[in-house]
Amino acid sequence: MAKYENITLEKGMYQNGKSLTEILEAMDPSENYQGTSMEGLDAFSRQLKRFDIKVSGKGSDTIEKFFATSNSAALFPEYVSRAVNAGIEEADVLGDVVATVTKIDGMDYRSISSGLTEDDKSLKRVAEGAFIPVTEIKTNDNLVKLHKRGRMLVSSYEALRFQRIDLFTVTLKQIGAYIARTQLADAVDVLINGDGNANPCDTVTPAAAGSLSYADLIAMWSALTPFGLNTVLASTAAMSDLLSMTEMKDAVAGLNFQGTGKMITPMGAQLIHTPALSGNSIIGLDKNCALEMVVAGDVAVDYDKLIDRQLERATISCIAGFAKIYNGAAKKLSY
């Protein structure tokens, strides 16, 4: 097994479909360091330690430290990718919206679906020798629409070389946050309008136009049966109306919101604010079976430009799309 001090780093290590961290882990498994001072560090972190590059904390180095040698320069694109991913994770709420994440290597993907009738939603008793009811699962007619989201770095190496790495990380994390928010908007669009396979979201009619009541939430909860209501997406206006409800002002809900900042509905669903919804709109869904997220690879960076210090017009991007699994697992309420 190669030791981390003896690995030669180069551009060619950035292979399609694998991150540099994954490649380094294959060459230098972390399990070999159990019981040592390196325990708890992954293969990439060990390379940072090898070249004494501190990316955070009081003693954070400058970006120039990455380019002290040709070997350490090869670490810079992976640092950028990891920082952007950290920003995506910090701002990401898709974990409360999507049921599963499918990673693909190409750009074409056709999801599956199962159209359930009311008869299909209940399993009846089957007599001996009788025909067993069938649930049909088939591939969708249309491919999942994948969208490339990202940003371009427009700065020279000379402008950044003496900047602290942890300060640059803040900017990269913000790029990740932009990507996460845009992907949530894509998910909301698919929930409402469908994924191109004639499956738009069903609408729940409010009791009174122009106002939101607790009875409307109950109606949305009931309309989702047999699916559950565990996630609610709300526009800015709808969020204000929800938090103003009498049912949201009880002692427990108030203490939870004021103490932790976590907002819940009276029915215990996760409440998520998203500007992607306009007007007075709410989407209630069962996150366990409503939506599939399709990702074409990880965060991609122009590794060759970054290694060669050509930061001008170096792109950071991520390709993802969404597909509905069960159309009835999400309902929209507009009032």
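Begin by selecting R313, which sits in the loop between α10 (303-307) and β11, helices being DSSP runs of H or I with at least four residues and strands runs of E with at least two, numbered from the N terminus. R313 is not a glycine, yet its phi is positive, at about 65°. With a relative accessibility of 54%, R313 counts as exposed, where exposed means over 50% relative accessible area, buried under 20% and partly exposed in between, for a 1.4 Å probe and protein chains only.

The model on screen is predicted, so that local features need pLDDT of at least 70 and side-chain atom pairs count only at pLDDT 80 or more, while totals for chains, interfaces and linings use all residues. Residues are numbered from 1 along each chain as its sequence is written, and side-chain values use heavy atoms, with hydrogens and water left out.

Next, go to D52 in the loop between α2 and α3 (70-73), another residue other than glycine with a positive phi, here near 55°. D52 counts as partly exposed at 43% relative accessibility. As background to these stops, most residues other than glycine have a negative phi, and most peptide bonds are trans.

Move then to the peptide bond from T225 to P226, which is cis, with omega near 10°; P226 belongs to the loop between α7 and β6. In the loop between α7 (214-223) and β6 (231-234) select F227 as well, together with Y326 in the loop between β11 (314-324) and β12 (330-334), 99 residues apart. Their rings form a tilted aromatic pair, 5.8 Å centre to centre and with 40° between the planes; rings of Phe, Tyr and Trp (its six-membered ring) pair if their centres lie within 6.5 Å, and planes under 30 degrees apart count as stacked, over 60 as edge-to-face and the rest as tilted. F227 is buried, with a relative accessible area of 15%, whereas Y326 is partly exposed at 26%.

Over the whole structure, a search finds 10 aromatic pairs. One of them joins Y4 and Y33 edge-to-face, at 6.2 Å centre to centre and 65° between the planes. Y4 lies in the segment before α1 (20-27) and Y33 in the loop between α1 and α2 (43-50), 29 residues apart, and both Y4 and Y33 are buried. Ring pairs also link F66, F67, F76, Y79, Y157 and F168 into a cluster.

From that cluster, turn to helix α4 (residues 76-91) and helix α6 (residues 165-193), which pack at an angle of about 55° with their axes 6 Å apart. Axes are lines fitted to C-alpha atoms, for helices over the stretch in contact, and angles run from 0 to 180 degrees between N-to-C directions. This makes α4 oblique to α6, since angles under 35 degrees count as roughly parallel, over 145 as roughly antiparallel, 65 to 115 as roughly perpendicular and the rest as oblique. The contact (heavy atoms within 4.5 Å) includes F76, Y79 and V80 of α4 and I165, F168 and T169 of α6.

For a second helix pair, select α1 and α2, whose axes come within 8 Å and cross at roughly 85°. That makes α1 roughly perpendicular to α2. Here the contact is made by T21, L24 and E25 of α1 and by A43, F44, R46 and Q47 of α2.

Finish at D108 in the loop between β1 (100-104) and β2 (112-113), which is exposed, with a relative accessible area of 62%. The C-alpha atoms of D108 and S60 are separated by 42 Å, the two residues being 48 residues apart along the chain.
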